[in-house]
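Please read this note with the sequence and the structure side by side, and look up each residue as it comes up. The points are numbered so that you can take them one at a time.

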Number of protein chains: 2
Amino acid sequence: MSDFAPTEARINNTIQKYPAFPRDPAVLVRLVKHLYKEVHDEANGVMKPYGLNHPEYNILMMLYGAAGNAMNPSQLADAAGEKLANVTRLTTRLCDMGLITRAASEDDRRKVELTLTDAGMVLIENFLPDIVKLLHRQTRNLTPSEQRVLEGLLKKMLAGFGG
Amino acid sequence: MSDFAPTEARINNTIQKYPAFPRDPAVLVRLVKHLYKEVHDEANGVMKPYGLNHPEYNILMMLYGAAGNAMNPSQLADAAGEKLANVTRLTTRLCDMGLITRAASEDDRRKVELTLTDAGMVLIENFLPDIVKLLHRQTRNLTPSEQRVLEGLLKKMLAGFGG
DNA sequence: TATTGATAATACAGAAATGAACTATATACT
DNA sequence: AGTATATAGTTCATTTCTGTATTATCAATA
């Protein structure tokens, strides 16, 4: 659950000492962090019975949603928000599990094509009901229109990054 | 920057194959993840010159905002969104750096009091200008009132977790 | 066609985070 | 008081992640 009031109190104290500290941005960043940690932990919990963790789940879902169920490591890194070196490790494990395959690309020999296997597909459709439940639970406090507003604002915020 | 359009395309594909997959919750969760990764990486970047990383920065800021500049490891774990075992490691390092102190609590001998030192305070006020810049940059696309709306919705979403 | 520079991926060593087991103290109950 | 239970922290082994160097291929150009 995580009560957010103490966090706000701390930020207020911080501003007392250091007036230039921007309250709203600080609150937003801390909220994002707390939300992510919850998302991460809960997804790990749901996936554990399937022998997977949250990042592995993400990789599989990116492929599941990709054209031809295939992507390169770089694309995957970008899509899943993982470092490239980490994608190598994660996909190696998924290969070993027989959920995806790794093959050199035809047109560009530097590239690697990671493709979902039938077994991977089956596993995904096996755990998806649990994930769907989880997603609904994690957003249960928001009405559909609130979800849309939130989506728009998060996108806007994200677009401001990186400059 | 991270273009979010491909993510949405993938989610649409996913729904084609698996109609029960809830679009909006999925988008929200992926947005939170992407935002967090950016926040994390950028904070790491800003703190590096000060010999600290993002989690260590967080710990220090929690203490800076706490009454008496002191907290227990458990409180700190909760506040910073870190696992207790990780807080032990992080605070040990901060102790070694002379930025905080660790002392047994008077009233409850199980508890430990972590307190910011003068050196810690000085360091914080040294790096805060950079952090303030970062926070403003990360929210530059949002108007003040949008920030308030976003804050409200994130809090609402967070409150729905954990059940 | 050589050379230069960029891109894709991996390897590997070191850093960070997690779960589970353990120690110590406090609280509740009989 | 004595025992059971819960809470606070730490330790340690394992897992996960990151940064940097390296290999291989491609693209541009002289």
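1. DNA strand D is surrounded by 21 residues, and those that come nearest are A:Arg89, A:Arg109, A:Arg110, B:Ser74 and B:Arg102; a residue is near a molecule or strand if one of its heavy atoms lies within 4 Å of it. Among the atoms of DNA strand D within 4 Å of the protein, 75% belong to sugar or phosphate, while the rest belong to bases.

2. This is a predicted model, in which local features need pLDDT of at least 70 and side-chain atom pairs count only at pLDDT 80 or more, whereas totals for chains, interfaces and linings use all residues. Residues are numbered from 1 along each chain as its sequence is written, chains are lettered from A and ligands numbered from 1 in the order in which they are written, and side-chain values use heavy atoms, with hydrogens and water left out.

3. Some polar contacts to DNA strand D can be given by distance, a polar contact being a pair of N or O atoms within 3.5 Å (within protein, one must be able to donate a hydrogen and the other to accept it, and residues adjacent in sequence count only if both atoms are side-chain atoms). A phosphate oxygen of DNA strand D lies 3.3 Å from a polar side-chain atom of A:Asn86, and a phosphate oxygen of this strand is 2.9 Å from an N or O atom in the side chain of B:Thr88. B:Arg110, by contrast, places a polar side-chain atom 3.0 Å from a base oxygen of DNA strand D.

4. Which elements supply at least two residues each of the surface near DNA strand D? They are α5 (84–96) of chain A together with α4 (73–80) and α5 (84–96) of chain B, where helices (H or I, at least four residues) and strands (E, at least two) are DSSP runs, numbered from the N terminus. The largest share, 4 residues, comes from α5(A). By class, this surface has 7 nonpolar, 5 polar and 9 charged residues; Ala, Val, Leu, Ile, Met, Phe, Trp, Tyr, Cys and Pro count as nonpolar, Asp, Glu, Lys and Arg as charged, and the others, Gly among them, as polar.

5. DNA strand C also has 21 residues around it, and the closest are A:Ser74, A:Arg102, B:Arg89, B:Arg109 and B:Arg110. Of its atoms within 4 Å of the protein, 78% belong to sugar or phosphate and the rest to bases. Phosphate oxygens of DNA strand C lie 3.0 Å from a polar side-chain atom of A:Thr88, 3.1 Å from one of B:Asn53 and 3.3 Å from an N or O atom in the side chain of B:Asn86. Two or more residues of the surface near DNA strand C come from each of α4 (73–80) and α5 of chain A and α5 of chain B. The largest share, 4 residues, is that of α5(B), and the residues of the surface divide into 7 nonpolar, 5 polar and 9 charged.

6. How are the two protein chains related? Chain A is superposed on chain B by a rotation of 180° with 0.0 Å of shift along its axis, at an RMSD of 0.0 Å, which is the relation of a two-fold axis; the copies are superposed by least squares on the C-alpha atoms of residues with pLDDT of at least 70 in both.

7. The contact between the chains (heavy atoms within 4.5 Å) takes 79 residues from chain A and 78 residues from chain B. Of the interface residues of chain A, 99% are also interface residues in chain B, so the copies meet through the same surface. Between them the chains bury about 8000 Å², 64% of it on carbon and sulfur atoms, buried area being the accessible area (1.4 Å probe) that two parts lose on being put together, summed over both. In chain A, the residues that lose the most area to chain B are A:Leu35, A:Leu158 and A:Phe161, together 9% of what that side buries.

8. Chain A has an open sheet of 3 strands in the order β1-β3-β2, with antiparallel pairing; two strands pair if DSSP finds at least two bridges between them. Its edge strands are β1 (70–71) and β2 (100–104), each pairing on one side only. β1(A) is joined to β3 (residues 112–116) of chain A by 2 bridges, and A:Ala70 has A:Thr115 as its bridge partner in β3(A).

9. In chain B, too, 3 strands form an open sheet in the order β1-β3-β2 with antiparallel pairing. Strand β2 (residues 100–104) of chain B pairs with β3(B) over 5 bridges, and B:Ala103 has B:Glu113 as its bridge partner there. On the β1 side, B:Met71 stands opposite B:Leu114 in β3(B).
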